Amino acid sequence: DPQSQESALAPEFDIADPLMKAQIAEALWEAVRDAELSPARFIAWTLRELPRTADDIVHAGLLARLEVAVRRYLSDAQRDSFAPEVERVLFAEGALGPGSPARRRSLLRAFASLAWSPEGLEELRRVLDGAREVPGVALAVEDRFRLVQRLLVRGAPDAGARLASEAARDRSGEARRHAFVAGAAAADAAAKRAVFRLLLDDASLPEAWIEAALAALAAPEHSRLTEPLVPEALARLAELKRKRRIFFVDAWLAAFVGAQTGAAALNAVERALKDARLDPDLRMKLLEAADELERTVRIRARFAGV
């Protein structure tokens, strides 16, 4: 209820018990998803609680919800406002602060998903170049491409060159997969369409590569670039069900429906649901993914002015 929400959100309310903190986090998060509590207030609460959360499972849950709230529910102007605090908590006081190497790595990865400001992107470059070391954390191949991917999402001028450099320094199969995934995150409509066509029509492309690239292609920050792809992505559902593994359609819908943020994508989903030819199991999967999109559109309309 509103009164207990206010009590939990108050700065002086410190929750020591991990189970109680997890339950309160879940209750506050459901209030956000029901468009009752603003994402901005939840983000501020999460940034306050992260440094004083000792339990790794609860900490990981907070990071996961923080990423959804920042990437899907905020407007660009709101991200501009929150960026310094998000980057400070995750990187300057998180990844570079006290804690186990595992905790620092999880904070670095969260920072790589949420870095937004020019200063934050510059920190990504310093880590890549070795000018900034995260204590006890050696960058794995996955981590290096994760940092480059964020530069691509943000449309950084040097992102393409850095992707090429990373791909050249490691030609293993794992690195080639990570390079393909990172490349799908480029902030360019034509590049998005080209990758989309590859995912649909290139029979030689390993399915594991396709699944891994879906989230990068459909980055929530790029929803206006990927929105035009949604009608065809939905029209191909029956074909994908026949040709791909059992859980592939779930990943496809998570990208082209669940990660969208705009009303136009929701309209496309509603039109697809009216198609009498849609298989019953696909209808249920689409309804599940549509719930996330509908919530996102409602939250952004109320709290982000979108």
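These notebook entries record what I looked up on the cavity and the aromatic rings of this structure.

**Entry 1: the model.** I noted at the outset that this is a predicted model.

**Entry 2: the cavity.** I searched for enclosed space and found one cavity of 30 Å³ or more. I recorded its volume as about 60 Å³. I then listed the residues that line the cavity: V70, R71, R79, F82, A83, V86, L114, W116, R150 and E221. Two elements, α4 (56-73) and α5 (76-95), each give two or more residues to this lining. I noted that α5 gives the most, with four residues. By residue class, I found the lining to hold six nonpolar and four charged residues, with no polar ones.

**Entry 3: a charge over a lining residue.** I returned to W116, one of the lining residues. R154 lies over the face of W116, at 3.5 Å from the ring centre.

**Entry 4: aromatic pairs.** I counted nine aromatic pairs in the structure. I examined W252 and F256, whose ring centres are 4.7 Å apart. Their planes meet at 50 degrees, and I therefore entered the pair as tilted, since that angle is neither under 30 nor over 60 degrees. Both residues belong to helix α16 (residues 248-258), where they are four residues apart, about one turn of the helix. I also checked their exposure: W252 is buried, at a relative accessible area of 0%, and F256 is buried as well, at 1%.

**Entry 5: further ring contacts.** I traced a cluster in which ring pairs link W29, F42, W45 and Y73. Finally, I recorded that R244 lies over the face of F248, at 5.4 Å from the ring centre.

Key
Residues numbered from 1 in each chain as written. Predicted model: local features only at pLDDT ≥ 70, side-chain atom pairs only at ≥ 80, totals over all residues. Heavy atoms only, no water. 1 Å grid on protein atoms, 1.4 Å probe; cavity = no way out; pocket = protein on both sides within 12 Å on 5 of 7 lines; lining within 4 Å. Points joined across faces, edges and corners; volume = space filled by probe spheres on them. Nonpolar A, V, L, I, M, F, W, Y, C, P; charged D, E, K, R; others polar. Phe/Tyr/Trp six-rings, centres within 6.5 Å; stacked < 30°, edge-to-face > 60°. Buried < 20%, exposed > 50% of the residue type's maximum accessible area, 1.4 Å probe, protein only. Lys NZ or Arg CZ within 6 Å of the ring centre and 35° of its normal.
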